[in-house]
There are 2 protein chains.
Amino acid sequence: MSQATSYDTPLPLSGERFSARYRIAAKSLEEARAAAQALSVEQTIEFPAELTAGRIAGEVVARVERLEGAGPGVYTAELSFAVELVGGELTQLLNVFFGNASLLPNVRLLRVRLSEGLAARFPGPRYGIAGLRRRLGVPKGPLLSTALKPLGLSPRELADMARRLAEGGIHLIKDDHSLADQGFAPFEARLEAVARALEGTGAVYAPNVTAPGEETLHRARLAKAAGAGAVMVAPGLVGFDRMERFAREVGLPVLSHPAFLGGFVPKGEGGIAHYALFGQLQRLAGADVVIFPHRGGRFAFSQEECAEINAGLKEPFAGLAPAFPAPGGGMKLSRVAEIHAFYGEDLVFLIGGDLYRQGTDLTAAARRFHRAVRGTA
Amino acid sequence: MSQATSYDTPLPLSGERFSARYRIAAKSLEEARAAAQALSVEQTIEFPAELTAGRIAGEVVARVERLEGAGPGVYTAELSFAVELVGGELTQLLNVFFGNASLLPNVRLLRVRLSEGLAARFPGPRYGIAGLRRRLGVPKGPLLSTALKPLGLSPRELADMARRLAEGGIHLIKDDHSLADQGFAPFEARLEAVARALEGTGAVYAPNVTAPGEETLHRARLAKAAGAGAVMVAPGLVGFDRMERFAREVGLPVLSHPAFLGGFVPKGEGGIAHYALFGQLQRLAGADVVIFPHRGGRFAFSQEECAEINAGLKEPFAGLAPAFPAPGGGMKLSRVAEIHAFYGEDLVFLIGGDLYRQGTDLTAAARRFHRAVRGTA
């Protein structure tokens with residue numbers, strides 16, 4: 001007993017639209033068109049399209065603006081969305097881009113395009129490349145960073161290490177992402193000790209504020225109060241929205257760590273392309289520095305994927321500031337020249353373990369790192 | 001100039017350990033052993049193991065407790081971790097289980113095992129299957145649920161639909177996950193209207209509280225105050241920790257929605273197995289009902305994967321209550337018997353679009369749904 005109804009909305013829409021490009025794996029153009037239409041419903045009303053009418057059918061359901069072949073069995077579809085779908089919330093914007101679509105094995109999010117209103121609502125990196133350079137007093141050339149570790153050391157030991165690394169010229173000293181609020185080095189004690197140790201050195205400390213619930217924002221505020229010059233967070237664990245919030249509200253530069261974000265890396269035909277995942281979405285959520293595994297380390301990103309990240313962080317994107325790539329994941333001093341050439345000047349070198357392998361004199365190790373980078377300029 | 005150092009921790013450890021089982025793709029047992037050792041370092045100290053000593057080397061680094069072949073090119077490794085690594089925070093527990101490992105293409109998280117202390121810290125579903133049955137007054141048989149949609153309708157229209165669905169016997173009426181805080185039906189106006197419409201019907205309303213930052217918790221509290229009997233959230237968007245927090249603090253039954261969680265579904269050799277992703281981790285984070293796409297709908301989960309979810313939600317797990325599976329994603333009334341047989345009695349039927357396809361008389365449609373389910377008992 002199916003009968004025609006007509007679900008419609010009483011509200012007029014502004015006509016402002018944003019969009020996203022998807023890669024669709026399909027056997028034919030016809031199959032791809034059906035998949036794109038299904039996607040336009042899935043990401044918006046998730047409701048039988050034939051039962052809708054008027055504005056819901058014409059404006060609330062996403063529009064397939066373009067569909068074209070992109071290789072054997074691969075198509076790209078551009079979908080546009082009414083800005084009213086978002087309600088100004090980053091969680092819902094991500095939901096529109098890739099919420100249920102994340103469960104579709106044949107659909108990959110390639111890149112996103114913001115409308116002007118959305119870009120005003122989510123202003124992106126507060127510092128970006130230029131702002132972080134000003135803050136660190138490093139007008140050109142790559143920045144040097146490393147991580148305090150291993151988990152298990154005390155605040156005092158970590159602070160001593162930080163001081164010695166700073167004396168060797170490291171610009172950005174971050175917590176290892178394994179440092180949370182464990183008894184070995186509780187967050188506040190570690191924050192106080194390391195921030196104090198770095199006073200007067202010119203180096204900036206980025207404590208890891210990845211934490212449950214409101215604690216993330218609370219720790220970012222503590223970090224600012226203690227004089228830490230930046231914070232690090234893993235949006236895969238806390239959600240992009242919490243990163244975006246303290247980027248806007250706390251006002252410290254934000255380093256984004258990739259822990260628990262790897263699920264979205266393209267595998268098979270799904271996932272979120274590196275350009276969007278480690279580039280655009282990070283800028284959208286306010287990251288000034290984005291950490292990811294460079295090819296040839298302990299992880300498996302390809303040269304092409306790393307180039308995509310670099311482009312996604314630096315190419316024009318709705319007026320949002322470009323952000324620094326921080327390739328890491330097992331980088332060695334011996335690879336500095338190659339990494340520099342690959343990413344260009346606007347780069348945060350992140351070398352952890354290999355610095356510690358240089359010996360107990362961390363200041364000497366940091367100087368070696370410094371010389372290696374300057375030698376490639 | 002490498003020189004031996006010995007990073008160690010001054011703190012004694014309790015000996016309490018939890019564990020996780022991983023699937024490792026490798027060409028040989030030797031390669032698998034190397035991968036498991038590398039994983040034990042990656043998930044804990046992320047630091048050259050040869051530079052550590054004493055407790056860090058022996059207790060902070062994860063231990064490979066077992067490693068065995070599981071088929072051609074596939075091995076399973078059981079790693080154990082000191083409870084002190086977690087610091088009592090769910091974000092860090094997930095980081096230990098699969099933070100950086102999410103970026104490894106050859107490692108899949110299969111299942112987790114909590115220690116007693118962790119299970120006490122994260123008590124899991126507050127209601128679970130038995131508690132939700134008591135709350136709904138449905139001591140046995142499947143529960144019926146549906147979603148309010150499409151996005152675009154007003155609070156009044158959604159409330160009218162809810163009332164008519166409840167009069168037809170639907171137990172759980174949730175927001176579609178596309179309903180956030182848009183102008184069409186702002187969260188608070190929708191909450192008030194739907195909660196009022198359901199008064200006296202016996203049906204429970206689960207508004208979608210997926211939202212940025214603290215707003216998630218705030219909306220869950222509003223939901224409780226307004227008399228909604230449950231809440232829904234997408235942990236993929238807000239993080240498992242925010243779900244866990246309001247499950248504990250607000251005290252309403254929690255429905256977990258899979259939006260933006262699909263990245264972790266196994267593809268290639270990586271990801272998180274359905275047993276852990278839609279079963280154990282959801283219970284760990286307090287979900288009473290877990291929504292996921294049943295096979296044969298608009299998504300691509302297999303029969304085996306759905307069986308894994310059912311098992312992961314119901315099998316003994318550190319004393320945490322079992323939770324309801326809510327298979328959805330394009331289910332039809334015509335499949336009720338098959339789905340019932342597959343999941344058993346403890347099941348939340350979730351049928352959305354197909355219910356609306358039955359016609360404008362939603363009460364009649366709901367009764368048809370009810371009869372279909374009772375007819376299979």
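Of the residues of chain B, B:Gly263 lies closest to the rotation axis, with its C-alpha at 2.3 Å. That axis is a good place to start a tour of this predicted model, in which local features need pLDDT of at least 70, side-chain atom pairs count only at pLDDT 80 or more, and totals for chains, interfaces and linings use all residues. Residues are numbered from 1 along each chain as its sequence is written, while chains are lettered from A and ligands numbered from 1 in the order in which they are written.

**How the copies are related**

Two copies of a chain are related by a rotation about an axis and a shift along it. Here, a turn of 180° and a shift of 0.0 Å along the axis lay chain B on chain A with an RMSD of 0.0 Å. That is the relation of a two-fold axis. The superposition is by least squares on the C-alpha atoms of residues with pLDDT of at least 70 in both copies.

**Where they meet**

Contact means that the C-beta atoms of two residues, placed from the backbone, lie within 7 Å. By that criterion, 83 residues of chain B are in contact with 85 residues of chain A. Helix 3 of chain B gives the largest share of the side that touches chain A, 6 residues. The table sorts that side of chain B by class; Ala, Val, Leu, Ile, Met, Phe, Trp, Tyr, Cys and Pro count as nonpolar, Asp, Glu, Lys and Arg as charged, and the others, Gly among them, as polar.

| Class | Side of chain B that touches chain A |
|---|---|
| Nonpolar | 37 residues |
| Polar | 31 residues |
| Charged | 15 residues |

Because 100% of the interface residues of chain B are also interface residues in chain A, the copies meet through the same surface.

**Inside chain A**

Chain A has 15 helices and 12 strands, taken as DSSP runs (helices H or I, at least four residues; strands E, at least two) and numbered from the N terminus. Its C-alpha trace spans about 80 × 40 × 35 Å along the principal axes. Among contacts in chain A between residues at least 6 apart in sequence, 73% join residues at least 24 apart.

**A look at one glycine**

A:Gly169 sits in the loop between helix 6 (155-167) and strand 6 (172-175) of chain A. Leaving out residues up to four places away in sequence, A:Gly169 touches A:Leu144, A:Ala366, A:Arg367 and A:His370. Its C-alpha is 47 Å from that of A:Asn106, 63 residues apart along the chain.
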